[in-house]
Amino acid sequence: RNTCRPQADEKRSFARFCATRQLPTVEVLAESDGREIVQFHPLPAADLFLKPADLYGGKGISALPFDAGCGCWVGAKGESLTSAEVLAYAGRAQAGHPWVLQPRLRNGPAWARWSLGALCTVRVVTGREAPGAPVEILGGFMKFPQGNTIVDNRSRGALSADYHRETGRLDPARDPACPRIAISTHPDTKAAIAGEVIPGWDRVRALALRAHAPITHIAMIGWDVALPGDEPVLIEMNFNWDVFTNTPLGSTRYVEIVHSWLDTPSPEVAAFMAAVLNA
């Protein structure tokens, strides 16, 4: 990671970015810099999600199910945790990493057909030709968890399918274990993928465009967006946003945008690019 790069994709900073700009995201109940723990809200009687703030690809994430019978949460080894014990447990489980504790989101009715339980997200890659240019959608993909995994990262076996950037209509999915085989339906749920339009697509794309709008010095960002109810929420922002599933980058606006920023940068962008290239 380049030290000169903005760190809003670090999960604690991302939560503050969203709060400052009134962007819908997952509430942070507590966080830690790896040493001090700060609790912002009482823990709800519901499943929780514990994430290292500085790791990616689903690494280090764990779920803390809530046992309504005993009024406590269940740790990775089956231990019962009271509200007072959860934060200490989080500090031990993350072993010195900064972390965030959040409610565990579930797919809303419109997306629930594509998972056995883990949250699905849509990666929306936004870009602009110059700091003052309009933000546009470059493309992206939707991720579909397989099996009993708790995350939808492709590095953890999730399927992914590109979509048409205007309509949100999905292509066939691909399994990272067998990337040459096109998949039309979800192997677990049997729900159709290929040819389906992402429910809530207009609101999903609008949220990504709105999120990128105030960030004038970054050419392209990949936003992970979920639909836990009727309205989409931001889950993460990614400067390393991954390549698409089927779509060649050369068939998108990626090349033009890269050339625009490298060939005719503003003084602000020129300084930023020079720092990146010399890091």
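**Aromatic pairs, an enclosed cavity and paired strands**

Ring pairs link Phe-14, Phe-17 and Trp-223 into a cluster. The model described here is a predicted one, and this cluster offers a starting point for reading it. In total, the structure holds seven aromatic pairs. For the pair of Phe-17 and Trp-223, the ring centres lie 6.2 Å apart and the planes meet at 20°; since planes under 30 degrees apart count as stacked, the pair is stacked. Phe-17 belongs to helix H1 and Trp-223 to strand E14, so this contact ties together parts that are 206 residues apart in sequence. Both Phe-17 and Trp-223 are buried.

A second pair has another geometry. Trp-114 and Phe-144 form an edge-to-face pair, with 5.5 Å from centre to centre and 70° between the planes. Trp-114 is found in the loop between E8 and strand E9 (121–127), whereas Phe-144 is part of strand E10 (residues 136–144), so the pair ties together parts that are 30 residues apart in sequence. Trp-114 is buried, and Phe-144 is buried as well. The ring of Trp-114 also has a charged neighbour: the charged end of Arg-113 sits over this ring, 4.1 Å from its centre. A further arrangement of this kind involves Lys-11, whose charged end sits over the ring of Tyr-56 at 4.7 Å from the ring centre.

Lys-11 leads on to the enclosed space of the model. Rolling a probe the size of a water molecule over the atoms shows where empty space is left. Here the count comes to one cavity of 30 Å³ or more, and the largest cavity holds about 90 Å³ of space. Its lining includes Lys-11, Phe-14 and Ala-15, together with Thr-25, Val-26, Val-28, Lys-51, Val-100, Gln-102, Ile-235 and Glu-236. Phe-14 thus appears both in the aromatic cluster and in the cavity lining. By character, the lining residues divide into six nonpolar, two polar and three charged.

Which elements each supply at least two residues of this lining? They are helix H1 (11–20), strand E8 (99–103) and strand E15 (233–238). The largest share, three residues, comes from H1.

Strand E15 deserves a separate look. This strand is mostly covered, as six of its six residues are buried. Strands of a sheet pair through backbone hydrogen bonds, either parallel or antiparallel. Strand E14 (residues 220–226) and E15 pair in the antiparallel sense over five bridges, and a hairpin joins E14 to E15 through six residues. Within this pairing, Asp-224 stands opposite Glu-236 in E15. Glu-236 is also one of the residues that line the largest cavity, while E14 carries Trp-223 of the stacked pair.

Elsewhere in the model, three strands form an open sheet in the order E5-E6-E7, with antiparallel pairing. Strand E5 (66–67) and strand E7 (80–81) stand at the edges and each has a single partner strand, so one side of each is left without a neighbour in the sheet. Strand E6 (residues 72–74) pairs with E7 in the antiparallel sense over two bridges. Trp-73 stands opposite Leu-81 in E7.

Conventions
Residues numbered from 1 in each chain as written. Predicted model: local features only at pLDDT ≥ 70, side-chain atom pairs only at ≥ 80, totals over all residues. Heavy atoms only, no water. 1 Å grid on protein atoms, 1.4 Å probe; cavity = no way out; pocket = protein on both sides within 12 Å on 5 of 7 lines; lining within 4 Å. Points joined across faces, edges and corners; volume = space filled by probe spheres on them. Helix = DSSP H or I, 4+ residues; strand = E, 2+ residues; numbered from the N terminus. Nonpolar A, V, L, I, M, F, W, Y, C, P; charged D, E, K, R; others polar. Pairing = 2+ DSSP bridges. Buried < 20%, exposed > 50% of the residue type's maximum accessible area, 1.4 Å probe, protein only. Phe/Tyr/Trp six-rings, centres within 6.5 Å; stacked < 30°, edge-to-face > 60°. Lys NZ or Arg CZ within 6 Å of the ring centre and 35° of its normal.
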